[in-house]
Amino acid sequence: MKLALLATLATAATAFVAPSAPLTTRSPTQIFAEDEAEAEVVEEPAPRSAAEISALTSSVKTIFSLEDINGILPHRYPFLLVDKVVEYEQGKRAVGIKGVTLNEPHFTGHFPNRPIMPGVLQVEALAQLAGIVCLQMEGAEPGAVFFFAGVDGVKWKKPVVPGDTLVMEVEIKKWNKRFGIASATGRAYVDGELAVELDEMKFALAK
């Protein structure tokens, strides 16, 4: 009687036990393949020569050299902030280059232990690039003095430091040849990353 009772209880208990999942095993070949993949070393790119690096900008042509810019803008060292123009659409837009070097006097105090190009000078460089476009439009003359009248929506995205090449772009949105008033947008990049942008800057020719 006792044996029959125990057999009945054992049968009932097994009815509530979930069937065990089959064991998953990996073959030795699979294990070794995974170990080899983890141990695989990524090869570093081969070093490039100066000629190869210099050739990266071979397709970028100078439209206005520094000597040309001196004939358009009234600015001079240490406040001429456009080294050359590499794209130009008359009366519309331009792309200019500013090479940032430690020799510029503002780095003496901004800052002594961490030189950073002042943000206001980045905006000034964009304004000068816009001036190169505007001073060649009807109603203006190369070499004329123009004043900043306002700037809106300025955003700085990353520090600009000595050794950087600031690639700037401006687009003229309005030009009033009668009063010599212009508005433009602008942005500038370092190594393909946005460094500064502004929604609008306004300036006027001196009368």
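Is Glu193 buried, partly exposed or exposed? Glu193 counts as partly exposed because its relative accessibility is 48%. Buried means under 20% relative accessible area, exposed means over 50%, and partly exposed lies in between, with a 1.4 Å probe and protein chains only.

This is a predicted model, so local features need pLDDT of at least 70 and side-chain atom pairs count only at pLDDT 80 or more, while totals for chains, interfaces and linings use all residues. Residues are numbered from 1 along each chain as its sequence is written, and side-chain values use heavy atoms, with hydrogens and water left out.

Start with the overall layout. The chain has five helices and seven strands. Helices (H or I, at least four residues) and strands (E, at least two) are DSSP runs, numbered from the N terminus. In order, the elements read α-α-α-α-β-β-α-β-β-β-β-β. Of the 207 residues, 29% are buried. The exposed area is about 13700 Å², and carbon and sulfur atoms supply 59% of it. That area comes from the Shrake-Rupley method with a 1.4 Å probe; for residues, only the protein chains shown count as cover. Among contacts with a separation of 6 or more, 64% are between residues 24 or more positions apart. A contact here means heavy atoms within 4.5 Å.

Next, strand β7 and its partners. Strand β7 covers residues 193-205 and pairs with β3 (residues 146-152) in the antiparallel sense over six bridges. Two strands pair if DSSP finds at least two bridges between them. In the β3 pairing, Asp152 stands opposite Glu200. Strand β4 (residues 155-156) is also antiparallel to β7, over two bridges. Here Lys155 stands opposite Glu197. Strand β6 (residues 181-190) pairs with β7 in the antiparallel sense over nine bridges. On that side, Arg187 stands opposite Glu197. A hairpin joins β6 and β7, with two residues between them. Asp191 sits in the turn and has a positive phi of about 55°. In a regular strand the side chains alternate between the two faces of the sheet.

Now the charged pairs. The structure holds eight salt bridges. A salt bridge is a side-chain nitrogen of Lys or Arg within 4 Å of a carboxyl oxygen of Asp or Glu. Lys98 and Glu104 form one of them, at 3.0 Å from N to O. Both Lys98 and Glu104 are buried. Another salt bridge joins Lys158 and Glu193, whose closest N and O atoms are 3.6 Å apart. This pair links distant parts of the chain: Lys158 is in the loop between β4 and β5, Glu193 is in strand β7, and 35 residues separate them. Lys158 counts as partly exposed because its relative accessibility is 24%.

Arg93 belongs to a network. Its place is in strand β2 (residues 93-99). Salt bridges link Glu89, Arg93, Glu169 and Arg187. Within this network, the side chains of Arg93 and Glu89 meet at 3.1 Å, N to O. Glu89 has 34% relative accessibility, so it counts as partly exposed. Arg93 and Glu169 also share a side-chain polar contact of 2.9 Å. A polar contact is a pair of N or O atoms within 3.5 Å; within protein, one must be able to donate a hydrogen and the other to accept it, and residues adjacent in sequence count only if both atoms are side-chain atoms. Beyond its neighbours within four places in sequence, Arg93 contacts Glu87, Tyr88, Val133, Glu169, Val170 and Glu171. The C-alpha atoms of Arg93 and Ala184 are separated by 9.0 Å, with the two residues 91 apart along the chain.

What about a charge without a salt bridge? Asp164 is buried yet has none. The nearest side chain of opposite charge is Lys158, 5.9 Å away. Lys and Arg count as positive and Asp and Glu as negative; His and the chain ends are not counted. Asp164 lies in the loop between β4 and β5 (165-176). Its side chain reaches the backbone nitrogen of Val161 at 2.9 Å. Leaving out residues up to four places away in sequence, Asp164 touches Lys98, Gly99, Val100, Pro159 and Val190.

Val161 leads on to Ile116. The C-alpha atoms of Ile116 and Val161 are separated by 4.8 Å, though the residues are 45 apart along the chain. Ile116 is in the loop between β2 and α5 (119-134). At 16% relative accessibility, Ile116 counts as buried. Not counting residues up to four places away in sequence, Ile116 touches Phe107, His110, Phe111, Pro159, Val160 and Val161.
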